[in-house]
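User: Could you pick one part of this model and take me through it closely? I'd like it in one connected piece, with the cut-offs slipped in as you go.

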Amino acid sequence: MLPSQALLPAVVFALAALQALASDTFMAAVYEHAVILPHPTQEPGPASDALALMNKNMDVLEGAIKEAAQQGAHIIVTPEDGIYGWQFTRESIYPYLEDIPDPVLNWTPCTDPSRFGPAPVQERLSCMARNNSIYVVANIGDKKLCNSSDPSCPRDGRYQYNTDVVFDTQGKLVARYHKYNLFRSETQFDYPKEPEAVTFETPFGKFGIFTCFDILFYEPAVVLVSKMQVDTVLFPTAWMNVLPFLTAIEFHSAWAMGMGVNLLSANTHNTTKAMTGSGLFTPEGPAAYHYDSATEEGRLLLAELSAHPRLSPTYPPAINWSLHATSIEKFPGENDTFSGTVRKDIFTFRELGHKDGNYTVCQGDLCCHLVYQMSNKRRDEVYVLGAFDGLHGSLIKYHWQICTLLKCPSTNLSTCGQPVETAQTKFEMFSLSGTFGTSYVFPEVLYSGVQLAPGEFEVLCDGRLKSKHGTSKPLLTATLFGRLYEKD
């Protein structure tokens, strides 16, 4: 037997090797939180009432954070609006806001809570991170005083920002992000003067962060991935599901695959607002996800993810999203199209009238091509191939190019494009492609019951979204979402 002194270098080396190996992956968690909401009011209430409400929500979040840490999670993301909800005016949200300093000031609220004035929410979040040795990501409100020397200073003399904060395992504030793309109902908050590209380094990769509606825009979403080269995006959200396309799990999984990064998406849970759908999404598909429109319960999700997905041997290759579709010399089946509405967007549709086929529909500069074979052609179910090339949105408009294989709610073609959650038809195969004018295309397949299809489809280098075998469940949609940011 070797003496203990001789074993020591071997033990140290073994531990170092294990630590280096562990840094290739990390345990991530997201918590979908059923937020306890305040009573709606136009005027600000007492600060004590605001803090009491926030503490009720933080009690729930703290339980999830402790559980995640006990299961080995290195980082946990909690939802947008997860601490106080969303039923506010500009005035009534004020008691819920704190002054959040710049992280460069090297502040740990848990050990120095009064350094920047009263900050009970930041103090408690910091202590949750410190006491559980886990990175904690939360969404709160920031307030910043301004005066008449600032021409854009609001009339009440302060800026109010929808803000994400990140505390490291010691409780130090390491990131602060002010949401740049506010949704139309967020009148209680101000737009930052400039978009922020917020990143921070960890022992398990480079992280970026933005909030909800931001994911649909070039800044900050594409900037963080394409220019800042982050490995993982942290994504607090309060996402209202909109079938058939903008369902949270559907689009967030598609975005992670299209951008080639991890996305840690934590959604608010509120069935009356159609808010549900969280997940740990990777370039290869979802590692874990949750969608529940029936109950009012929160849900903790955990998964082991690659810390540096671009270095993974399974990292998807570069894709030319228009190569296959533009190589088709003659587009078959361009006649017999009709218009249908998805929310307010006018699509061009073509009914799949046979058990198998080879069809194309075009709109604007986009032609979508589909080859398919159904397992069984049911008379009571109608599917269409659809194309959309145009601006989407009411107040804020952004340009989509969408190719979709889509189930209609009924045999009445006028219903095509309306929400549908169930289907009975399976496909032996499908191959969907389009003449996209952008390299930013996001692929996803959605099954009956609003379920994803991990591992059951692939995207070929020539831009085809293709089933690997047959669909194991009935199909709702197979979709390629293209974003032409320059046409917004």
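Analyst: **Where the two domains meet**

Let's start with the contacts: 28 residues of domain 1 touch 31 residues of domain 2, counting heavy atoms within 4.5 Å. Keep in mind that this is a predicted model, in which local features need pLDDT of at least 70 and side-chain atom pairs 80 or more, while totals for chains, interfaces and linings use all residues. Residue numbers run from 1 along each chain as its sequence is written, and side-chain values use heavy atoms, leaving out hydrogens and water.

Domain 1 covers 23–311 and domain 2 covers 322–487 (bounds from an automatic or database domain assignment). Their C-alpha centres sit 32 Å apart. Together they bury about 2,600 Å², with carbon and sulfur atoms giving 75% of that (accessible area, 1.4 Å probe, lost by the two parts on being put together and summed over both). On the domain 1 side, the trio to look at is Leu243, Pro244 and Phe245: these supply 25% of the area that domain 1 buries against domain 2, more than any other three residues.

That trio has a backbone quirk too. The peptide bond from Leu243 to Pro244 is cis, with omega near 10°, and Pro244 is in the loop between β8 (232–237) and α5 (helices are DSSP runs of H or I with at least four residues, strands runs of E with at least two, numbered from the N terminus).

What about polar links across the interface? The rule finds zero salt bridges there (a Lys or Arg side-chain nitrogen within 4 Å of an Asp or Glu carboxyl oxygen). There are, however, five residue pairs in polar contact, both partners at pLDDT 80 or more (N or O atoms within 3.5 Å; within protein, one able to donate a hydrogen and the other to accept it, with sequence neighbours counted only if both atoms are side-chain atoms). As for which elements of domain 1 touch domain 2, those giving two or more residues are α4 (218–227), α5 (248–259) and β11 (285–290). The largest share, nine residues, comes from α5. Sorted by class, the domain 1 side has 22 nonpolar, four polar and two charged residues (Ala, Val, Leu, Ile, Met, Phe, Trp, Tyr, Cys and Pro are nonpolar; Asp, Glu, Lys and Arg charged; the others, Gly among them, polar).

Helix α4 has its own cis bond. This one runs from Glu219 to Pro220, with omega near 10°, and Pro220 is found in α4.

Following the chain out of domain 1 brings you to Ser312, in the loop between β12 (299–306) and α6 (323–326). The side chain of Ser312 makes a polar contact with the side chain of Thr314 at 2.9 Å. Ser312 is also 14 Å from Gly285, C-alpha to C-alpha, with their positions 27 residues apart in sequence.

Although the interface has zero salt bridges, the overall count is 14. One of them joins Lys193 and Asp150, whose closest N and O atoms are 3.0 Å apart. Here distant parts of the chain are linked, 43 residues apart: Lys193 is in the loop between β5 (173–178) and β6 (199–202), and Asp150 in the loop between β3 (135–145) and β4 (158–167).

One last backbone oddity is Asp81, a residue other than glycine with a positive phi, near 65°. You'll find Asp81 in the loop between β2 (75–77) and α3 (120–132).
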